[in-house]
Amino acid sequence: MKIARWLLLLVICCPFILKAQVSRPNVLLIYVDDLGYGDLGSYGATKIKTPHLDKLATGGLRFSNAHSSSATCTPSRYALMTGNYPWRVKGTGVLPGDAALIIPTNQPTLASQFKAAGYATGIVGKWHLGLGEAVAKNWNEPIKPGPNEIGFDYSFIFPATADRVPTVFLENQTVVAANASDPIQVDYKNKIGTEPTGKEHPELLKMLSSPGQGHDNTIVNGIGRIGYMNGGKAARWTDEEMPMTFLEKAKTFITQHQHEPFFLTYALTEPHVPRMPSTMFKGKSGLGYRGDAILQLDWSVGEILKELDFLGLKKNTIVIFSSDNGPVLDDGYQDGAVTQLNGHKPAGILRGGKYSIFEAGTRVPMIISWPGKVQPGVSDALVCQIDFLASFSSLLKKELPKSNATDSENLLTAFLGKSKTGRQVLIEHAGTLSIVEENWKYIEPSDRAAYDPTTDTELGNAKEPQLYDLSKDPRERNNLASQYPDKVKALAEKLLQIKNK
Ligand code: NG6
Ligand code: CA
């Protein structure tokens, strides 16, 4: 009799016991734009101070070999959300500001997995994955589909990049302060409206564009942009206010969801161009606006972490910090990044940068903190942001629905510092592909340019195969391909095999 009663109690309580076993920490993903491997104090920077991120790194796990999937933004964000290598899918390159959404709404994403697990999900900041069904769209009405259709309950975003029109925010996919009497029009081919462009009127610019890099179409807030826009005067952002705007929205989201598990992507625009820091940071770094933008970014991180602390959420929140691709100095504006560099090394010990298939294209800072759960330290595990999807699905015990997320690997134990082992193999992507296995990196031969003079980037392309021993030569100086033809062959075959998977 007694046993029967106990059994009954066990059956009744079983769902609760099971539920309690599934860990449901909040997850704050701080995702920044174009920050390099050497841009933070904790990654060796000495000419710039990043105290808030350094503190996060000291109390968390700092990865020395973490990667974005690609050396530019859209593909990296696509991979992060979908768990699918972007080079498998057409149309995942850097998008214009009027592009349609590139993620099918029936595809599971990092956000939809959290949502399915009962989390409140939000994104604040840069989007750059397209909006709506087509390029032609009405910016003066709600635009669908977008972040809210791929798993985010809440979104406060700008559409593409800070240097592309339309320079507006959308809250839940409606332009903030849209006004029917001053409708927004966007065109990436032809000038629309009568507003001056940077090309016609450089005297109106508060920061000159770099020769040969565009950024000289419609002028918004004294800055020439890529693309043309007309109307929407009240809706246009002021670049100097951007950090406050995003910070406030992110804080509000956290405050509103403090009593339930949440997943927030806080996608800062710094230090992407145009760098136009707020007054608080202008001139403060001594390294030009790029340095100031990094101080601003570090400050924003400090503020959001303060908010978590204030709300008593610090212990139960996993904070992830990373960047969507490597660094670039001159990406379209004369903002002092080159002339005031002062010996700072944005790529640290690595070669290349944004756009490059050399390591600095995709090897980026990554810090993961979870007080009491993740042991502070440094992890040398090879990990990629593409792996967040499978890894967090595992944490949430939420099976990943059948999809094309086949490139995402469950590296939860590596991300949480319980294992030193990451990926066996990673494909890096900058147009050209490379494959990394153990200490070896093979870069496929390519006819693309070896060097981009406009951004002063070593793109890493060569007509011959390249093979580097990253353990001895992380700067990829000595091409060992002719010395190890068997290795070259094996890695080229493996790359082909993964391509054809
Ligand atoms: C490039 C832009 C660059 C930047 C980049 C996207 C030119 C010459 N350069 O095409 O300024 O906007 O796209 O950066 O137009 S990313 O980080 O979003 O990928
Ligand atoms: Ca970027």
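**Entry 1: ligand 1**

A polar contact, for my purposes, is a pair of N or O atoms within 3.5 Å. I need that for Lys126, where a polar side-chain atom lies 3.0 Å from an oxygen atom of ligand 1. Note to self: this is a predicted model.

I went on to look for other contacts of this kind. Asp163 has one through its side chain: an N or O atom there is 2.8 Å from an oxygen atom of ligand 1. With Cys73 the backbone takes part, and a polar backbone atom sits 2.8 Å from an oxygen atom of the ligand. I then looked up how much of the ligand the protein covers. On its own, ligand 1 has 450 Å² of accessible area, and the protein covers 82% of that.

How many residues surround ligand 1? I got 19, and the closest are Cys73, Asp163, Arg164, Asp331 and Lys354. Sorted by class, the shell has seven charged, seven polar and five nonpolar residues.

**Entry 2: Thr161 and its partners**

Two of those closest residues, Asp163 and Arg164, came up again when I clicked on Thr161. The Thr161 side chain makes a polar contact of 2.4 Å with the side chain of Asp163. Its side chain also joins that of Arg164, in a polar contact of 3.0 Å. I found Thr161 in the loop between β5 and β6. Is Thr161 buried or exposed? Its relative accessibility is 2%, so I wrote down buried.

**Entry 3: the calcium ion**

Ligand 2 is a calcium ion, and I listed its protein donors. They are Asp33 (OD), Asp34 (OD), Asp324 (OD), Asp324 (OD) and Asn325 (OD1), at 2.2 to 2.7 Å from the ion. Asp324 appears twice in that list. Along the chain the donors follow the spacing D-D-x289-D-N.

Which parts of the chain does this pair of Asp33 and Asp324 tie together? I placed Asp33 in the loop between β1 (26–32) and α2 (51–59). Asp324 is in the loop between β13 (317–323) and β14 (366–369). The pair therefore ties together parts that are 291 residues apart in sequence.

Next I checked the angles. Six donor atoms around the calcium ion subtend angles of 51 to 172 degrees. Why is the arrangement irregular? For six donors to count as octahedral, opposite donors must be over 155 degrees apart and all others between 65 and 115. The range here starts at 51 degrees, so I logged the arrangement as irregular.

I also looked up accessibility for two of the donors. Asp33 has 0% relative accessibility and counts as buried. Asp324 is buried too, with a relative accessible area of 0%. The cut-off I used for buried is under 20%.

**Entry 4: a buried Glu**

I picked Glu428, which is found in strand β17 (residues 425–430). At 1% relative accessibility, Glu428 counts as buried. What does its side chain contact? I found the side chain of Lys441, in a polar contact of 2.9 Å.

**Entry 5: peptide bonds before proline**

I scrolled along looking for cis peptide bonds. I noted one from Val165 to Pro166, with omega near -5 degrees. Pro166 has its place in the loop between β5 (154–158) and β6 (170–171), and Thr161 is in the loop between β5 and β6 as well.

Another cis bond runs from Glu270 to Pro271, with omega near -10 degrees. I located Pro271 in the loop between β12 (262–267) and α6 (288–310).

**Entry 6: positive phi**

Then I turned to backbone phi. Ala177 has phi near 70 degrees, a positive value in a residue other than glycine. I placed Ala177 in the loop between β7 (174–175) and β8 (185–187). With a relative accessible area of 42%, Ala177 is partly exposed.

His215 is also a residue other than glycine with positive phi, near 55 degrees. I found His215 in the loop between β8 and β9 (219–220). Is His215 buried or exposed? I put it down as buried, because its relative accessibility is 6%.

**Entry 7: one distance**

Last, I looked up Ala347, in the loop between β13 and β14. Ala347 is buried, with a relative accessible area of 9%. How far is its C-alpha atom from that of Ser209? I got 23 Å for this pair, which is 138 residues apart along the chain.

Terms used:
Residues are numbered from 1 along each chain as its sequence is written. Chains are lettered from A and ligands numbered from 1 in the order in which they are written. This is a predicted model: local features need pLDDT of at least 70, side-chain atom pairs count only at pLDDT 80 or more; totals for chains, interfaces and linings use all residues. Side-chain values use heavy atoms; hydrogens and water are left out. A residue is near a molecule or strand if one of its heavy atoms lies within 4 Å of it. A polar contact is a pair of N or O atoms within 3.5 Å; within protein, one must be able to donate a hydrogen and the other to accept it, and residues adjacent in sequence count only if both atoms are side-chain atoms. Accessible areas come from the Shrake-Rupley method with a 1.4 Å probe; for residues, only the protein chains shown count as cover. Ala, Val, Leu, Ile, Met, Phe, Trp, Tyr, Cys and Pro count as nonpolar, Asp, Glu, Lys and Arg as charged, and the others, Gly among them, as polar. Donors are N, O and S atoms within 2.8 Å of the metal (3.2 Å for Na, K and Ca); water is not among the atoms, so sites may look incomplete. Four donors count as tetrahedral if all angles lie between 85 and 135 degrees; four count as square planar and six as octahedral if opposite donors are over 155 degrees apart and all others between 65 and 115; anything else is irregular. Helices (H or I, at least four residues) and strands (E, at least two) are DSSP runs, numbered from the N terminus. Buried means under 20% relative accessible area, exposed over 50%, partly exposed in between (1.4 Å probe, protein chains only).
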